[in-house]
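Me: I'm new to this structure and would like a close look at one part of it. Could you pick out the sheet and walk me through how everything around it fits together?

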Amino acid sequence: MKKEIIHQYFKKEMEEMKILVQINPENFRGLEIIAYPDGQMEQTKRQFEPDIYVDLEADEFETCSPLEFNLYLKGLVK
């Protein structure tokens, strides 16, 4: 039986960009999206450290919904 993973999502909004992060809480692999006001986006696969949650809190990231993350992932938000 395949185990289902529920990813965790975080975001940080700044004037010059928005950063969205998806994390697999079991292996700390994830995806980072950087969205710029002009519509350009960068996607980077990441391997996070187990203390990523401490870093996200220190950097003032907040939780976000899977829907918001996936709208950016699919390029449906500018």
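Reply: Here is a walk through the sheet, strand by strand, with what packs against it.

Before we start, keep in mind that this is a predicted model. The chain has two helices and five strands, and along the sequence they come in the pattern β-β-β-β-α-β-α. Its radius of gyration is 13 Å, close to the 12 Å that the globule rule gives for 78 residues, so the chain is as compact as a globular protein of that length. If you'd like a feel for the dimensions, the C-alpha trace spans about 40 × 30 × 20 Å along its principal axes. Buried residues account for 33% of the 78 residues.

Now to the sheet itself. What order do the five strands take in it? They line up as β4-β3-β2-β1-β5, forming an open sheet with antiparallel pairing. The edges belong to β4 (41-47) and β5 (62-63); each has a single partner strand, so one side of each has no neighbour in the sheet. As for what holds such an arrangement together, strands of a sheet pair through backbone hydrogen bonds, either parallel or antiparallel.

Let's go across, beginning at the β4 edge. Seven bridges join β4 to β3, and the two run antiparallel. One residue pair to look for here is Leu31, which stands opposite Lys45 in β4. These two strands form a hairpin with five residues between them, and in the turn Gly39 has a positive phi of about 95°.

Next door, strand β3 (residues 29-35) is joined to strand β2 (residues 18-23) by six bridges, again antiparallel. Here you can find Lys18 opposite Ala35 in β3. Lys18 also turns up on the β1 side, where Glu13 stands opposite this β2 residue. β1 and β2 pair in the antiparallel sense over six bridges, and a hairpin joins the two through four residues.

That leaves the β5 edge. β1 and β5 pair in the antiparallel sense over two bridges, and Lys11 has Glu62 in β5 as its bridge partner.

Let's stop at Phe61, in the loop between α1 (52-58) and β5. Its relative accessible area is 17%, so Phe61 is buried, given that the cut-off is under 20%. What does Phe61 touch, leaving aside its neighbours within four places in sequence? The contacts are Phe10, Lys11, Lys12, Ile19, Val21 and Leu56. By contrast, Gln47 is 14 residues from Phe61 in sequence and 18 Å away in space, C-alpha to C-alpha.

So what packs on the sheet? Helix α2 does, touching β1, β2, β3 and β4, and its direction makes about 110° with that of β2.

To see part of this up close, look at Gln22 in strand β2. With 16% relative accessibility, Gln22 counts as buried. Not counting residues up to four places away in sequence, Gln22 touches His7, Gln8, Tyr9, Arg29, Gly30, Leu31, Phe48 and Phe69. Two of those names are worth following, Tyr9 and Phe69. The side chains of Gln22 and Tyr9 are joined by a polar contact of 3.1 Å.

Tyr9 and Phe69 bring us to the aromatic rings. Searching the whole structure turns up three aromatic pairs. In the Tyr9 and Phe69 pair, the ring centres are 5.2 Å apart and the planes meet at 50°, so the pair is tilted. This pair links distant parts of the chain: Tyr9 sits in strand β1 (residues 8-13) and Phe69 in helix α2 (residues 66-73), 60 residues apart. Are these two residues buried or exposed? Tyr9 counts as buried at 11% relative accessibility, and Phe69 is buried too, with a relative accessible area of 0%.

Ring pairs also link Phe10, Phe28 and Tyr53 into a cluster. You've met Phe10 already, as one of the residues in contact with Phe61.

One last number for the whole chain: among contacts with a separation of 6 or more, 40% are between residues 24 or more positions apart. The Tyr9 and Phe69 pair, 60 residues apart, is a good place to begin when you look for links between distant parts of the chain.

How values were computed
Residues numbered from 1 in each chain as written. Predicted model: local features only at pLDDT ≥ 70, side-chain atom pairs only at ≥ 80, totals over all residues. Heavy atoms only, no water. Phe/Tyr/Trp six-rings, centres within 6.5 Å; stacked < 30°, edge-to-face > 60°. Buried < 20%, exposed > 50% of the residue type's maximum accessible area, 1.4 Å probe, protein only. Pairing = 2+ DSSP bridges. Contact = heavy atoms within 4.5 Å. Axes fitted to C-alpha atoms, helices over the stretch in contact; angles between N-to-C directions. Polar contact = N/O pair within 3.5 Å; in protein donor to acceptor, adjacent residues only side chain to side chain. Rg over C-alpha atoms; globule rule 2.2 N^0.38 Å.
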